Amino acid sequence: MPHASPTDLLVLHAVRLKGFADTDAVAARFGLDVEQTREDLLDAQAYGWVTRASFAGLTGWSLAEAGRRHGETRLQEELDRVGARDTVTAVHEEFLPVNSQATQAFTSWQLGSMNTATPPVTGDVFGQLTQLAAQLRPLEDRLVAHLARFGGYHRRFAWALAQASDDPVWITGTEVDSCHRVWFELHEDLIATLNITR
Amino acid sequence: MTDRPPVLVTGVPSSPGQARGPARLMRSVDDFARMRPGDVLVCRTTDPAWTPLFRLAAAVVTETGGLLSHAAIVAREYRIPAVVGAAHAMSQLDDGTPVCVDGTLGTVTAANGTP
């Protein structure tokens, strides 16, 4: 039975993974109740773990350094309590070479499409991203067997990839839940969970 | 005598174009409130929390990373010049000093004088 993380930890972790997000987006990350999430965010703000800031017309929550350290401590405790450290470490090691393929695919796509206003999605990048999705699935399954909070990456990646055939912004765009955003979020999740640096 | 301004740091050219603005040295999320539109974001590395800063930045300079790094990919997405893997950028550049970032050549030069 996979471990279900406590709500207040999920709220803090959602802020780390999203980087900068409003209350609704923080709640939506793990399907949490919006009002409860708001309460947890205000508590976390009182502790100095999260800050509310405005950038370029957007207002949202981001993790303060103290919140980052607190979150890492909580994730470490959880990882050891569930006995998932070996699995997550192994998955991370297998993730790294796949991550190199992913960032290479995203970069090639961007460099190849920079001079075109509406670049077509080529079969090449589609093929690469489809392969990445296939490699992502078993990695996620192994993580979810221990920690339920790791669920959803493959589904989101596959959804973004499906959208990309109509609108290539779903490949590397920052304003939608694009393939790159989902991928990068998983990398950040592994880094945060293992308390390692990029 | 030369017309060329001194090169302050060099790194991996990661997102093409040139832009100038005051260097804004950012050590952590706790510094974000100091960022103003048109600043040149200078930092060690970036992660998802840093993405909103790219909306404001004229250009990005990071000490770590390469062509495939988060900063490089996001900078290209925002179409702003980026120089990454610029070792010692945080110590070589002074906060608030005008700089010119060339994301095609991978250089950061002094931008004193005419804009």
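# A tour of chains A and B

Start in chain A by selecting helix H5 (residues 85-113) and helix H9 (residues 179-194), whose axes come within 11 Å and cross at roughly 150°. Axes here are lines fitted to C-alpha atoms, for helices over the stretch in contact, and angles run from 0 to 180 degrees between N-to-C directions. Helices (H or I, at least four residues) and strands (E, at least two) are DSSP runs, numbered from the N terminus. The crossing angle therefore makes H5(A) roughly antiparallel to H9(A); angles under 35 degrees count as roughly parallel, over 145 as roughly antiparallel, 65 to 115 as roughly perpendicular and the rest as oblique.

This is a predicted model, in which local features need pLDDT of at least 70 and side-chain atom pairs count only at pLDDT 80 or more, while totals for chains, interfaces and linings use all residues. Residues are numbered from 1 along each chain as its sequence is written, and chains are lettered from A and ligands numbered from 1 in the order in which they are written.

Keep the two helices selected. The crossing of H5(A) and H9(A) is left-handed, that is, the near helix is turned anticlockwise from the far one by less than a right angle; clockwise would be right-handed. Show side chains for the contact: H5(A) contributes Val88(A), Thr89(A), His92(A), Phe95(A), Asn99(A), Ala102(A) and Phe106(A), and H9(A) contributes His180(A), Trp183(A), His187(A), Leu190(A), Thr193(A) and Leu194(A). Two residues are in contact if their C-beta atoms, placed from the backbone, lie within 7 Å. By class, this contact has seven nonpolar, six polar and no charged residues. Ala, Val, Leu, Ile, Met, Phe, Trp, Tyr, Cys and Pro count as nonpolar, Asp, Glu, Lys and Arg as charged, and the others, Gly among them, as polar.

Next, leave H9(A) on and add helix H7 (residues 153-164) of chain A; H7(A) and H9(A) pack at about 160°, with their axes 8 Å apart. The two are therefore roughly antiparallel, and their crossing is left-handed. On H7(A) select Tyr153(A), Arg156(A), Phe157(A), Ala160(A), Leu161(A) and Ala164(A); on H9(A) select Cys179(A), Val182(A), Trp183(A) and Leu186(A). This contact has nine nonpolar residues, no polar ones and one charged.

Now colour chain A by domain. The assignment gives domain 1 (7-79) and domain 2 (83-194); such bounds come from an automatic or database domain assignment. Taken over C-alpha atoms, the domain centres are 23 Å apart. Eight residues of domain 1 of chain A are in contact with nine of domain 2. On the domain 1 side, helix H1 (7-18) and helix H4 (65-82) of chain A are the elements that give two or more residues. H4(A) gives the most, with four residues. That side of domain 1 divides into five nonpolar, one polar and two charged residues.

Bring in chain B. Its contact with chain A takes 22 residues from chain B and 26 residues from chain A. On the chain B side, helix H1 (51-56) and helix H2 (70-78) each supply at least two residues. The chain B side has 13 nonpolar, four polar and five charged residues.

Hide chain A and look at the strands of chain B. They include an open sheet of eight strands with mixed pairing, in the order S1-S8-S7-S3-S4-S5-S6-S2. Two strands pair if DSSP finds at least two bridges between them. Neighbouring strands of this sheet are turned by 30° against each other on average, direction ignored. The edge strands, each pairing on one side only, are S1 (7-10) and S2 (12-15) of chain B.

At one edge, S2(B) pairs with strand S6 (residues 82-84) of chain B in the antiparallel sense over three bridges, and Pro13(B) stands opposite Val83(B). At the other, three bridges join S1(B) to strand S8 (residues 107-110) of chain B, also antiparallel. Select Thr109(B) in S8(B): Val7(B) stands opposite this residue, and so does Cys100(B).

Finish at strand S7 (residues 98-102) of chain B, which pairs with S8(B) in the antiparallel sense over four bridges. S7(B) and S8(B) form a hairpin with four residues between them, and Gly106(B) in the turn has a positive phi of about 85°.
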